[in-house]
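Colleague: I'm new to this structure and would love a close look at one part of it: the aromatic rings and charged side chains, and how they pair up. Could you walk me through them, with a few words on the backbone too?

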Amino acid sequence: MGNYLVGCDIGTSGTKSVVMREDGCILGSAYIEYPLITPRPGWAEHEPDWYWNAVADTMRDSIAQAGIDAGEIRGVSISAFSPACILVDRDLRPLQNSHIWMDRRATRQADWVREHIGEQRASEKCANPIDPYYASIKLMWERDNRPELYQKTYKILTAADYATMRLTGKAVTDYSNACLFGAGFDIVRRAWDTELIEQMGLDPEKYPDIYPCDEVIGEVTQEAAERTGLKKGTPVVAGTVDCNAAYVANGAIHSGDISIAMGTAGCIGYLHKEPRFSKNMITLIHTSDCREMYCTLGATVSCGALTRYFRDTFAQVEKHTAGMLGMDAYEIMNLEAEKVPVGSDGLIVLPYFMGERTPFWNPLARGVLFGLSLAHTRGHIYRAFIEGATYALYQNFRQMRSSGAKLNFPMILVEGGAKSALWRQIVSDVFDIPVAYMEESKGAPVGNAVLAGVGVGLYPDFSVVEDWVQFSDHHEPNPQAHEEYMKYYEIFCRLYGEVEGEYKELAKATGYC
């Protein structure tokens, strides 16, 4: 009899699943991509059943690829980007499209909370700012704009919660996803703040029950078993947020560990046990010790999203050619960018194409190309996209360091953008610190497989991953490049201040607010 685990991660662009043997060996993996619905400026949606179909199909394909008996799978766990706002009725059917973390429609609701409840009261227990990003604020938008759906709502769920519900028939959430409901969650008590929820005019009964990330919350139903290839009765562990799962997979499990997940969004996080929370940053309960450990997170809206936008909008020929040659279009674009000097010959990008989270929390912010001239090539623009995304992450890193946090280096880089050696070196040079990368890492799905293993008792704790972490690449900072980047970084920081007031005027002109 073997011991196998299944981990799955629902991303903004697609879903990944893995089948992992007890010793950490990946026997099967699958990925399915899906689109983003943007019906209006600042809106970002998915159909909830895209998550379930992708979860089910990637699990089935991974199990088939592994060639194992599904009866030997000891546990399953799912993570996802977070937050999201999915309303389900009492029959557990979705009532609307999922508006995701990137969606900024609930600006007025965030303003109402600040005006009528106050930032301090609304944020003191959740340790997170008031912003349209958070699920409780999104739920207020649903109440105000689709009251008939709000009345039919049985529970509000995140993306991971929805897929877990389809596996088990239970509408619940975990400690980590609960943090990103924001206002209404008491992060120290790890419980809903029902008094504040009611002050916001919301019904606490519509919030799901909360479980520790590593607790078994149910079993795979017969219907889900037929759809996924899992066996009926397989234990399902509560789950976590995607960046936490990615951090676990890459060995960031101890206080002081720091990592960047360079997916669609950029997430730079460090772990700490003290309940010490930084203003304007995102605070999560971390997976590796969810009863004590926290993760302070700097999160930018657009990281890999920028390079994907560039590829899909300006590199159609390369995308087609790369497909024919069995290459990656990003490899071709990186070759162009490598020929461009540090600082892209004075071209600076503000990467706020869908607003920004930390440290500004400005849903109205938009992208800016500054310094563009007839001398700039497509390679300059692509490199400037990468550098702009890196500057935004560095801004968060500087705030973390200024808090006196103890940080362990090298900093670990994971997820899509980290595949680029050029981008990794740019991060090392801008941050002026050593960074490390795992080429063979499967990222968040492996973190979920480990979480499932801890939850069902196959592993005593998360330290098992330390024996599996092997970095394929290390990058050391170039002092001259750092000095040059800092000239452009200072301009980058001032630029936002120069155009900040115009963002609201632009939103008025376009009818966004």
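Modeller: Happy to; I'll start with the rings, go on to the charges, and end with some loops and unusual backbone spots. Please keep in mind that this is a predicted model, in which local features need pLDDT of at least 70 and side-chain atom pairs count only at pLDDT 80 or more, while totals for chains, interfaces and linings use all residues. Residues are numbered from 1 along each chain as its sequence is written, and side-chain values use heavy atoms, with hydrogens and water left out.

Let's begin with the rings. Rings of Phe, Tyr and Trp (its six-membered ring) pair if their centres lie within 6.5 Å, and planes under 30 degrees apart count as stacked, over 60 as edge-to-face and the rest as tilted. That rule gives 33 aromatic pairs here. One of them is tilted: the ring centres of Phe-310 and Phe-314 are 5.4 Å apart, with their planes at 55°. Both residues belong to helix H11 (residues 304-314) and sit 4 residues apart, about one turn of the helix. (Helices, H or I with at least four residues, and strands, E with at least two, are DSSP runs numbered from the N terminus.) How buried or exposed is each partner of this pair? Phe-310 is buried, with 2% relative accessible area, whereas Phe-314 is partly exposed at 43%. (Buried means under 20% relative accessible area, exposed over 50%, and partly exposed in between, using a 1.4 Å probe and protein chains only.)

Elsewhere the rings gather into a group. One aromatic cluster is formed by Tyr-352, Phe-360, Tyr-391, Tyr-394, Phe-397, Phe-409, Phe-431, Tyr-485, Tyr-489, Phe-492, Tyr-496 and Tyr-503.

Rings also meet charges. Arg-105 has its charged end over the ring of Trp-141, 4.8 Å from the ring centre, and Lys-206 does this with Tyr-150 at 4.9 Å. (A charge sits over a ring if NZ of Lys or CZ of Arg is within 6 Å of the ring centre and within 35 degrees of the ring normal.)

Next come charges that meet each other. The structure holds 27 salt bridges, each being a side-chain nitrogen of Lys or Arg within 4 Å of a carboxyl oxygen of Asp or Glu. In one of them, the closest N and O atoms of Asp-312 and Arg-311 are 2.8 Å apart. Asp-312 is partly exposed at 27% relative accessibility, while Arg-311 is buried at 13%. Both belong to a salt-bridge network that also links Glu-33 and Arg-308.

Another bridge joins Arg-189 and Asp-186, with 3.5 Å from N to O. Here Arg-189 is exposed at 55% relative accessibility, and Asp-186 is buried at 7%. Glu-484 and Lys-487 make a further bridge, their closest N and O atoms lying 3.3 Å apart. These two share helix H17 (residues 479-510), 3 residues apart, about one turn of the helix, and Glu-484 is partly exposed at 28%.

Now for a residue inside a loop. His-286 lies between strand S17 (282-285) and strand S18 (294-300) and is buried, at 0% relative accessibility. Its side chain makes a 2.9 Å polar contact with the side chain of Asn-244. (A polar contact is a pair of N or O atoms within 3.5 Å; within protein, one must be able to donate a hydrogen and the other to accept it, and residues adjacent in sequence count only if both atoms are side-chain atoms.) Beyond four places in sequence, the contacts of His-286 include Tyr-247, Val-248, Leu-271 and Met-293, where contact means heavy atoms within 4.5 Å.

Finally, the backbone spots. The peptide bond between Phe-409, which is one of the cluster residues, and Pro-410 is cis, with omega about 10°, and Pro-410 lies in strand S21 (residues 408-414). The bond from Thr-358 to Pro-359 is cis as well, with omega near -5°; Pro-359 is in the loop between strand S19 (348-350) and strand S20 (368-370).

Two non-glycine residues with positive phi complete the tour: Ser-344 at about 55° and Asp-345 near 50°. Ser-344 is in the loop between helix H13 (329-338) and S19, and so is Asp-345. Ser-344 is buried at 0% relative accessible area, but Asp-345 is partly exposed at 46%.
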